[in-house]
Amino acid sequence: MAGMDTRFRELSRDVSIPRPWKLSSYIDAVAEFRGRPITLHPVDTVDLAGAGCGTGSGLWIAKQDSDVIVYGADTTEWHAEHIVAHELGHMLLGHGPDRADGATADHTLAAVTELLPSISPESIRHVLGRTDYGSSRERDAETFADLVMLQALRPRRDSLLRSTFFRDRRR
């Protein structure tokens, strides 16, 4: 299997990172590539953490015909964009649903259903059933987000900064 740097380069050819960086343009490009609309749903991080949703910073909910990214919006703009890029990484890297765990507590399901009434209880149950947040999928999505954000911040033209920090190792 190709390393993350190779996969990232391949995916960046399919879905280019906008220059200058604009998160909404990148989301639109990912949605077009996947053929599914993507909606952002900002919430207080406390609401996510209290509902048992992993680290409490964001999650991707794959609905039947669209995708929803729920993220903690009470953080810096850069961090919120990184969270969204992480969830987009899951989509682009093909991290589909894991096996749903039927052990999700009813009260947690009810709390998240109340928080996100437009999302089906089945989708929420699937998300809450995930427990392996240290998996290779999570590391890959985090690395993907890091690479997106680094690429977004790259200087647009050749400069001493670019040649020092963003040189191509293949040369």
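User: Which residues of H4 meet which residues of H7?

Analyst: In this predicted model, the H4 side of the contact consists of Trp 78, Glu 81, His 82, Ala 85, His 86, Leu 88, Gly 89, His 90 and Leu 92. They meet Arg 137, Glu 138, Ala 141, Glu 142, Phe 144, Ala 145, Asp 146, Val 148, Met 149 and Leu 153 in H7. By class, the residues of this contact are 10 nonpolar, 4 polar and 5 charged.

User: Why are H4 and H7 called oblique to each other?

Analyst: Helix H4, residues 77–92, packs against H7 at an angle of about 125°, and the axes are 8 Å apart. Angles of 65 to 115 degrees count as roughly perpendicular, and those over 145 as roughly antiparallel. The angle of about 125° belongs to neither range, and H4 and H7 are therefore oblique. Their crossing is right-handed.

User: What makes H1 and H7 oblique to each other?

Analyst: The axes of helix H1 (residues 4–14) and helix H7 (residues 136–153) cross at roughly 55° and come within 10 Å. Roughly parallel requires an angle under 35 degrees, and roughly perpendicular begins at 65. The angle of roughly 55° satisfies neither condition, and H1 and H7 are therefore oblique. The crossing of H1 and H7 is right-handed. From H1, the contact involves Met 4, Arg 7, Phe 8 and Leu 11; from H7, it involves Asp 140, Thr 143, Phe 144, Leu 147, Val 148 and Gln 151. These residues comprise 6 nonpolar, 2 polar and 2 charged.

User: How do you know that Arg 34 and Asp 67 meet in a salt bridge?

Analyst: The N to O distance between their side chains is 2.9 Å. The cut-off for a salt bridge is 4 Å, and the pair therefore qualifies. Arg 34 lies in helix H2 (residues 23–34) and Asp 67 in strand E3 (residues 67–72), 33 residues apart, and the pair links distant parts of the chain.

User: Why does Arg 34 count as partly exposed, whereas Asp 67 counts as buried?

Analyst: Arg 34 has 24% relative accessibility. Buried means under 20% and exposed means over 50%, so Arg 34 falls in between and counts as partly exposed. Asp 67 has 0% relative accessibility, which is under 20%, and therefore counts as buried.

User: What makes Arg 36 and Asp 67 a salt bridge, and which parts does the pair tie together?

Analyst: The closest N and O atoms of Arg 36 and Asp 67 are 3.0 Å apart, which is within the 4 Å cut-off. Arg 36 is in the loop between H2 and strand E1 (38–43) and Asp 67 is in strand E3, so the pair ties together parts 31 residues apart in sequence. Both Asp 67 and Arg 36 are buried.

User: What joins Arg 34, Arg 36 and Asp 67 into one network?

Analyst: Their salt bridges share partners, and this joins the three residues into one network. The count of salt bridges comes to 2.

User: Why is the bond from Arg 19 to Pro 20 called cis?

Analyst: The omega of this peptide bond is near 0°, and the bond is cis. Most peptide bonds are trans. Pro 20 is placed in the loop between H1 and H2.

User: How many helices and strands does the protein chain have?

Analyst: The protein chain has 8 helices and 3 strands. From the N terminus on, their order is α-α-β-α-β-β-α-α-α-α-α. Of the 171 residues in the protein chain, 40% are buried.

Technical notes: Residues numbered from 1 in each chain as written. Predicted model: local features only at pLDDT ≥ 70, side-chain atom pairs only at ≥ 80, totals over all residues. Heavy atoms only, no water. Axes fitted to C-alpha atoms, helices over the stretch in contact; angles between N-to-C directions. Helix = DSSP H or I, 4+ residues; strand = E, 2+ residues; numbered from the N terminus. Left-handed = near helix turned anticlockwise from the far one by under 90°. Contact = heavy atoms within 4.5 Å. Nonpolar A, V, L, I, M, F, W, Y, C, P; charged D, E, K, R; others polar. Buried < 20%, exposed > 50% of the residue type's maximum accessible area, 1.4 Å probe, protein only.
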